[in-house]
Amino acid sequence: RWSDEVVSFAQKFIAKAASCGKTPQTYDPQSSEEKAAKVENDRYVLEDCAEMFRALSRIAKGAALETSSHGADAASISRGKLLASDALRIACQSVDDVFVNNPIFSETIREYVLDAVVSNAISENVQVPELYKISLGIFQSILCTQRFREKLKSEIGFFFPRLFLDPLGFVSGGAPSSPHSKRSVVLSILSDTVAQDAQTL
C-alpha cells in the first residue's frame, strides 16, 4: 500500500536527517562560500524534514487517505493512521535540537503534529486502542522533553487537561467519562513517566 511506502520512506529520511552533525565524518566547511553552501543545504534538509512531518501528520489524521483519488477502505485508513502516528512518535523522540530550535520545524509540530495527536486522542470514532496509546505517547514525548516544552508551553498547557485529565473524569450519575482501556493508558503514562519527572510536574 502506498501509505506504507510513504511512512517507511519518511522514517528513513527523518532518521537520517536527525543524525546529521553527530558523526565524526561531519563536513566542516572552511571558506565563506563553503559555509554559505552548508547553511543553504541545512535549510533545505530542515524544510524537507518539516514537510515529512506534515505528510505524516496528514496520514495520521486519515485526511490524506480519505481524499486519495484511489479511495481507501476503513482498514487501510486505520493502518495508515497507525503507521504514520508511530513514525511521528519515533521522530519526535529522535530529532536533534537544531530541528526543535528552527521556527519552521517548531511551527510544524504546533500546527500539524499536535493537530493529528489531539484529533486521534479525543475522537470517539477511534476504534484502534493502539492508535490512542501512540497518540498520547507523542504528546508525552513533547511534554517530557524540555526542548519541546520551551517552544510549545502554551499548547501543552491547553491540551494537557483535555488529553490526560478529562478521560479520568465522570459524567452525571457517576459513570466514567471514558472506557476503562483509555483510562488505563492515561494512568500508565502519568504514573510511569510524567510523575517521575519533577521538572515536568
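**Notes on helix H10 and the aromatic residues**

1. On the other side of H10, away from its buried residues, His180 and Asp192 are exposed. This is a predicted model, so please read everything below with that in mind.

2. The buried set on H10 is made up of Lys182, Arg183, Val185, Val186, Ile189 and Leu190. They span an arc of only 160 degrees around the axis, so they sit on the same side of H10. The general pattern behind this: an α-helix has 3.6 residues a turn, so residues three or four places apart point the same way.

3. What lies over that buried side? The cover includes helix H6 (103–122), H7 and H9. As for its geometry, H10 (residues 180–192) has 13 residues and runs 18 Å from first C-alpha to last, close to the 18 Å expected at 1.5 Å a residue.

4. Arg183, one of the buried residues of H10, also turns up in a charge–ring arrangement: its charged end sits over the ring of Phe170, 5.0 Å from the ring centre.

5. On to the aromatics. Searching the whole structure gives four aromatic pairs. One of them is Phe139 with Phe164, a tilted pair at 5.9 Å centre to centre and 40 degrees between the planes. This pair links distant parts of the chain, with Phe139 in helix H7 (residues 129–144) and Phe164 in helix H9 (residues 153–165), 25 residues apart.

6. Are Phe139 and Phe164 buried or exposed? Phe139 counts as buried because its relative accessibility is 0%. Phe164 has a relative accessible area of 0%, so Phe164 is buried too.

7. Phe164 has a second partner in Phe160: the ring centres are 5.1 Å apart and the planes are at 20 degrees, so this pair is stacked. Stacked needs planes under 30 degrees apart. Phe160 and Phe164 are four residues apart in helix H9, so about one helical turn separates them. Phe160 counts as partly exposed because its relative accessibility is 22%, and the cut-off for buried is under 20%.

8. Put together, Phe139, Phe160 and Phe164 make one aromatic cluster. Two helices feed into it: Phe139 comes from H7, while Phe160 and Phe164 come from H9. H7 and H9 are also among the helices covering the buried residues of H10.

9. Last, a polar residue to look at: Ser57, in helix H2 (residues 32–61). Its relative accessibility is 1%, so Ser57 counts as buried. What does Ser57 touch, leaving aside neighbours within four places in sequence? Its contacts are Leu88, Tyr112, Val113 and Ala116.

How values were computed:
Residues are numbered from 1 along each chain as its sequence is written. This is a predicted model: local features need pLDDT of at least 70, side-chain atom pairs count only at pLDDT 80 or more; totals for chains, interfaces and linings use all residues. Side-chain values use heavy atoms; hydrogens and water are left out. Rings of Phe, Tyr and Trp (its six-membered ring) pair if their centres lie within 6.5 Å; planes under 30 degrees apart count as stacked, over 60 as edge-to-face and the rest as tilted. Buried means under 20% relative accessible area, exposed over 50%, partly exposed in between (1.4 Å probe, protein chains only). A charge sits over a ring if NZ of Lys or CZ of Arg is within 6 Å of the ring centre and within 35 degrees of the ring normal. Contact means heavy atoms within 4.5 Å. The expected span of a helix is 1.5 Å times one less than its number of residues. The arc is that of the directions from the helix axis to the C-beta atoms.
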